[in-house]
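Here's a quick walk through the empty spaces in this protein. Have the structure open so you can click along.

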Amino acid sequence: MIATVGDHTVAWDDAGTGRALLFVHGFPHDRTLWAHQRRALSSLARCIVPDLRGFGESAGATFGPAHVARSVDAFADDLVALLDHLEIDRATVCGLSMGGYIAMAMWRRHADRFEGLILCDTRAGADSDETRAARGAMIDKARTEGAAAVAAAQLDKMVGASTKVARRDVVETMTAMMARQRPDALVGALEAMRDRPDSRETLRSITVPTLVIVGDEDVITPPAEAEAMRALFPATTMATLETIPGAGHVSCIERPSAVTHAISDYLHR
Ligand code: MLT
């Protein structure tokens, strides 16, 4: 579907019925990242899968600068505007990496809209000085060389070692997904990630059932980060950690059945 929501045009998939499951892609991805989960989980839940502002089909050559978000708060508010548009009060929010940073911002700003939380291949801490400097270099690359160059620079860490050897189709899918994004959307998202706050206190304030997922070959947000996050949730969230064997940073597309299974188990719980 595609519609004007608030001040911008949003594209999203809406599949299934029942409780809402809102999927949030990472950087520099689009909603096709969650294709397997949308297909497989729509028998269990209403899967809402948007392209974030400026990404995927929520972008277009004729769209102006308002079509770029520069903070995780702005992305979070966009998601709530979409829930409002769809007349959905509460959703389980499932974010991967940057999608996780956005989900944590959404909790800070709109906790009453959550039914549950799933954090995949993400981290609670803010960027280190070194990472902030690397964001600056990537912003320059996006501006001067474009999305294909950003994709080439991201690819090595984006997918796990097993995927590189055995799943060339996934490597190609991820390369194409990253290379087709708008450079100004990449710049806005890089600024948003660079400037995001530390979310460790946020995790201590979560009150809804929570699942953490991580690929055991994730080198961007490694399993130790996932375990550190899980330890921060209050006991009442019954937070569990699922480690996905043979998956890197984009576990949901590298080992789609395993991630879908983990989410399905969580929904049944
Ligand atoms: C992502 O996958 O969203 C990014 O790799 C996250 C990051 O760079 O911190």
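What follows covers the cavities, then the pockets, with the residues that line them.

## What we're looking at

Keep in mind that this is a predicted model. It has two closed cavities of 30 Å³ or more. There are open pockets to look at too, and the largest of those holds about 590 Å³ of space.

## The largest cavity

Start with the largest cavity, at about 60 Å³. Its walls are made by His8, Val10, Pro50, Asp51, Leu52, Arg53, Asp78, Leu79 and Leu82. Two elements, β2 (8-15) and α2 (72-85), each put in at least two of the lining residues. Of these, α2 gives the largest share, with three residues.

What kinds of side chain line this cavity? Sorted by class, the lining has five nonpolar residues, one polar and three charged. Asp51, Arg53 and Asp78 are the charged ones, while His8 counts as polar.

## The second largest cavity

The second largest cavity comes in at about 30 Å³. If you want to select its lining, pick Val72, Tyr101, Met104, Arg108, Arg123, Ala124, Arg196, Pro197 and Ser199. Helix α3 (residues 98-110) is the top contributor here, with three residues.

The class split is five nonpolar, one polar and three charged. The charged residues are Arg108, Arg123 and Arg196, and Ser199 is the polar one.

## The largest pocket

Now for the open spaces. The largest pocket has a volume of about 590 Å³ and is lined by 25 residues. Which of them lie nearest its centre? Those are Thr131, Arg135, Gln154, Lys157 and Ile220. The elements that supply two or more lining residues are α3, α4 (129-145), α5 (147-158) and α8 (183-194).

Among the elements, α4 has the largest share of the lining, with six residues. By class, the pocket lining breaks down into 13 nonpolar, five polar and seven charged residues.

## The second largest pocket

The second largest pocket has a volume of about 170 Å³. Its lining is made up of Arg19, Thr92, Glu115, Pro209, Thr210, Thr237, Met238, Thr240, Tyr266, Leu267 and Arg269.

How do these residues divide by class? Four are nonpolar, four are polar and three are charged. On the charged side you'll find Arg19, Glu115 and Arg269. The polar residues are Thr92, Thr210, Thr237 and Thr240, and the nonpolar ones are Pro209, Met238, Tyr266 and Leu267.

Technical notes: Residues are numbered from 1 along each chain as its sequence is written. This is a predicted model: local features need pLDDT of at least 70, side-chain atom pairs count only at pLDDT 80 or more; totals for chains, interfaces and linings use all residues. Side-chain values use heavy atoms; hydrogens and water are left out. On a 1 Å grid over the protein atoms alone, a cavity is a set of points where a 1.4 Å probe fits but cannot get out, and a pocket is an open set with protein on both sides within 12 Å along at least five of seven lines; lining residues have an atom within 4 Å of a point. Grid points are joined across faces, edges and corners, and a volume is the space filled by probe spheres set on the points. Helices (H or I, at least four residues) and strands (E, at least two) are DSSP runs, numbered from the N terminus.
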